[in-house]
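Good morning, and thank you for making time for this presentation. I should like to take you through one structure, element by element.

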Amino acid sequence: MVMHLTGYKINRHTFSISYMFAACAISIAVFTVFYSVQNFWSSRIRKLCMPLVWLGRNPLIVFAVGVCGVLEHIFQAVYWKDVTCNNLVHVYRVTFLTNTVCDHIDDCGVSLFIVTKVVFWVCACGVLFRKDIIWKL
């Protein structure tokens, strides 16, 4: 995030030694902060990190079903009259988010759709965590 805000393009192919050291240092710092919050601080602050614990308990289901788009394709299978523009994903993404909430700003609709997916998977993993269901190989 810091690299992006300073204007450094993250998605370009610059795998130099300095870039790898900077990325490694940032990753270690973020990991240290989360580790210290989860293990050493008070229980109130620890509760803020519980969604990360939920996602960490079921990473395979989040990746296999969520990130790869399996669930999204299942929702796109439910359609009426026209396959491309009358399915659940299109109606939510274009009609509700882009046209209603964001007032025709395309990037805002896409961002809110991604946030919606993240919130859904955090809630789904929270339910699985409370029922003590862990999906593993």
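**A helical chain and its surface**

Let me begin with phenylalanine 40, which has its place in helix α2. Please bear in mind throughout that the model is predicted. Is phenylalanine 40 buried or exposed? Its relative accessibility is 60%, and therefore phenylalanine 40 counts as exposed.

Phenylalanine 40 also belongs to a nonpolar patch on the surface. The other members of that patch are Phe31, Tyr35, Trp41, Ile45 and Leu48. Together, the residues of the patch have about 720 Å² of accessible area. Which helices supply at least two residues each? They are α2 and α3, the latter covering residues 43–48. Helix α2 gives the most, with 3 residues.

Let me stay with α2 for a moment. This helix covers residues 17–40, which is 24 residues. From its first C-alpha to its last, α2 reaches 33 Å, close to the 34 Å expected at 1.5 Å a residue. Although α2 contributes to the surface patch, it has buried residues as well, namely Tyr19, Ser36 and Val37.

I turn now to the chain as a whole. The secondary structure of the protein chain amounts to 8 helices and 0 strands. Read from the N terminus, the order of elements is accordingly α-α-α-α-α-α-α-α. The protein chain has 137 residues, and buried residues account for 18% of them.

Helix α5, residues 59–67, is our next stop. Which residues of α5 are buried? They are Ile61, Val62 and Gly66. Viewed down the axis of α5, these buried residues fall within an arc of 100°, so they line one face of the helix. As general background, an α-helix has 3.6 residues a turn, so residues three or four places apart point the same way.

Leucine 60 lies in α5 too. With a relative accessible area of 33%, leucine 60 is partly exposed. What separation is there between the C-alpha atoms of leucine 60 and tryptophan 135? The two residues are 75 residues apart along the chain, yet their C-alpha atoms are separated by 6.8 Å.

Two backbone angles deserve a remark. Just after α5, glycine 69 takes a positive phi of about 85°. Aspartate 132, in the segment after α8 (106–130), has a positive phi of about 60° although it is not a glycine. For context, most residues other than glycine have a negative phi. The relative accessible area of aspartate 132 is 62%, so this residue is exposed.

Finally, I come to the cysteines. How many disulfides does a search of the whole structure find? The search finds 0. Why does cysteine 123 have no such bond? Its sulfur is 9.6 Å from the closest cysteine sulfur, that of cysteine 125, which is too far for a bond. Seen from the other side, cysteine 125 is likewise in no disulfide, and its nearest cysteine sulfur is that of cysteine 123. As to their surroundings, cysteine 123 counts as partly exposed because its relative accessibility is 45%. Cysteine 125, at 0% relative accessibility, counts as buried.

To close, I would leave you with two points. The predicted model has 8 helices and 0 strands. On its surface, Phe31, Tyr35, Phe40, Trp41, Ile45 and Leu48 form a nonpolar patch. Thank you for your attention.

Conventions: Residues numbered from 1 in each chain as written. Predicted model: local features only at pLDDT ≥ 70, side-chain atom pairs only at ≥ 80, totals over all residues. Heavy atoms only, no water. Buried < 20%, exposed > 50% of the residue type's maximum accessible area, 1.4 Å probe, protein only. Helix = DSSP H or I, 4+ residues; strand = E, 2+ residues; numbered from the N terminus. Arc of directions from axis to C-beta. Expected span 1.5 Å × (residues − 1). Patch = residues over 30% accessible without salt bridge, like charges linked within 9 Å, V, L, I, M, F, W, Y side chains within 5 Å. Areas by Shrake-Rupley, 256 points an atom, 1.4 Å probe, with all protein chains shown as cover. Salt bridge = Lys/Arg side-chain N within 4 Å of Asp/Glu carboxyl O. Disulfide = S-S within 2.5 Å.
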